Amino acid sequence: MLAHRRFLLTAFASFAIMGCDKAPAKGSPEGERVAATSPNATAAVTEEKSAPGKPVKVAFSAPGADHGWLAAIVKNAREEAKRLGDVTLEVSEGATDPASQASQIDALVAGKPDVLVVLPTDGQALTPAAQAAMRAHIPVVAVDRELASPSAYRTWIGGDNYGIGFSAGNYIAEQLNCKGNVVEIQGIAGISVTELRTKGFNDAIKRCNNGVQVVARQAANFLPDKGLEVMEAILQAQKKIDAVYTHDDDMAMGVVSAIQNAKRDKEMFVTGAGGSKRAMDLVKNGSLYRATFLYNPSMAASAIRLARLIGQGKGLRDLTEPEVPSRIQVPATAVTKENVNTFLTFGYE
């Protein structure tokens with residue numbers, strides 16, 4: 001896959017984020033990236049556990065869980081902390097905007113955790129709060145949405161948003177034989193997740209030499225109700241649609257409802273992202289929902305493991321360096337009717 005070539009360190013199953021008994025080192029490597037191979041590798045590796053080590057106090061700041069993916073993020077973080085045994089986790093969730101989350105982070109920092117994990121509502125706006133934590137000698141593990149400066153985090157872990165867009169663009173181009181009208185339903189306007197998923201898609205369909213036309217593009221904020229509302233308006237305005245590229249499986253459920261209500265489900269197909277169980281069930285049944293691209297909330301569990309290792313001064317077991325890399329990116333895996341059975345167990349509710 002094209003996205004894999006952007007990694008400096010590759011082919012470590014599920015990031016190999018289990019414990020490591022190496023001694024801490026001075027300094028910190030910059031710009032390293034590790035790619036996971038597949039969810040199958042995740043299942044194999046995460047069965048192994050490292051021995052309990054020095055207790056680590058981790059604080060986690062997350063946005064309000066207004067849809068399934070974010071709810072699964074917090075659930076994965078809590079469950080992983082319990083499994084590890086030597087991690088005390090304080091979760092502060094419910095932030096609806098950067099200002100409320102900045103206050104949330106300030107309160108967590110005041111509690112002097114060993115490591116702070118942050119999934120920012122807005123990476124640009126939350127960068128100063130994260131930088132303040134770093135200046136207070138509290139390492140920050142950023143999840144999913146990127147902060148604006150490397151000085152704001154010790155480690156970032158997230159999915160390959162560009163890769164999701166690129167993979168979806170390639171899939172749709174192939175399904176349409178490089179000729180057709182496409183609608184793009186984006187997530188939240190202006191955040192890095194949305195911009196990268198759009199850029200990847202645009203780059204992929206360039207090979208069609210304008211044969212694939214994006215006839216409508218609108219944000220629906222990752223929300224099913226908003227997806228329904230936005231798609232209803234687009235269906236009224238666009239008389240010919242061949243495919244719909246959505247940025248999120250939960251949001252796409254509203255898109256699917258709008259298409260079905262308009263009785264236009266035979267003329268187009270939909271792709272999503274995230275890997276929800278409901279989306280995978282629809283992919284398995286075929287017809288309207290053709291594919292999803294994995295962006296699994298298990299990355300939150302991995303973030304807790306990374307925070308633990310940083311707090312204990314350890315590195316990744318399968319790497320030579322005795323430190324956690326500064327960047328870890330999970331590849332975008334395409335799930336279609338042909339391979340969906342392999343991934344069903346990874347679907348989130």
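Angles between helix axes under 35 degrees count as roughly parallel, over 145 as roughly antiparallel, 65 to 115 as roughly perpendicular, and the rest as oblique. This convention is applied below to a predicted model.

The first example is a pair of helices, α7 (residues 224-237) and α8 (residues 249-261), whose axes lie 7 Å apart and meet at an angle of about 40°. Such an angle falls in none of the named ranges, and α7 and α8 are therefore oblique to each other. The crossing of α7 over α8 is right-handed. On the α7 side, the contact is formed by P224, G227, L228, M231, E232 and L235, while α8 contributes D250, M251, G254, V255, S257, A258, I259 and N261. By class, the residues of this contact comprise eight nonpolar, four polar and two charged.

A second pair, α3 (residues 98-110) and α4 (residues 123-135), is arranged in another way. Their axes come within 9 Å and cross at roughly 5°, which makes α3 roughly parallel to α4. Here P98, Q101, A102, I105 and V109 of α3 meet A125, L126, A129 and A133 of α4. The contact of α3 with α4 has eight nonpolar residues, one polar residue and no charged residues.

Attention may now turn to the strands. Strands of a sheet pair through backbone hydrogen bonds, either parallel or antiparallel. In this model, six strands form an open sheet with mixed pairing, in the order β7-β6-β8-β9-β10-β12. At its edges are β7 (212-219) and β12 (334-336), each of which pairs on one side only. From one strand to the next, the twist averages 20°. Strand β6 (residues 180-186) runs parallel to β7, and seven bridges join the two. Within this pairing, V183 has A216 of β7 as its bridge partner.

Helix α5 (residues 161-175) connects the description of helices with that of the sheet. This helix lies across β6, β7, β8 (243-246), β9 (269-274), β10 (289-294) and β12. Relative to β10, α5 runs at about 155°.

It remains to consider the confidence of the prediction. The pLDDT of the chain averages 87, and 85% of the residues score at least 70. Over residues 1-48, however, pLDDT stays under 50. For this stretch the model has 121 contacts beyond four places in sequence. Where pLDDT is low, the predicted coordinates should not be read in detail.

Note on methods: Residues numbered from 1 in each chain as written. Predicted model: local features only at pLDDT ≥ 70, side-chain atom pairs only at ≥ 80, totals over all residues. Heavy atoms only, no water. pLDDT = per-residue confidence, 0-100. Contact = heavy atoms within 4.5 Å. Axes fitted to C-alpha atoms, helices over the stretch in contact; angles between N-to-C directions. Helix = DSSP H or I, 4+ residues; strand = E, 2+ residues; numbered from the N terminus. Left-handed = near helix turned anticlockwise from the far one by under 90°. Nonpolar A, V, L, I, M, F, W, Y, C, P; charged D, E, K, R; others polar. Pairing = 2+ DSSP bridges.
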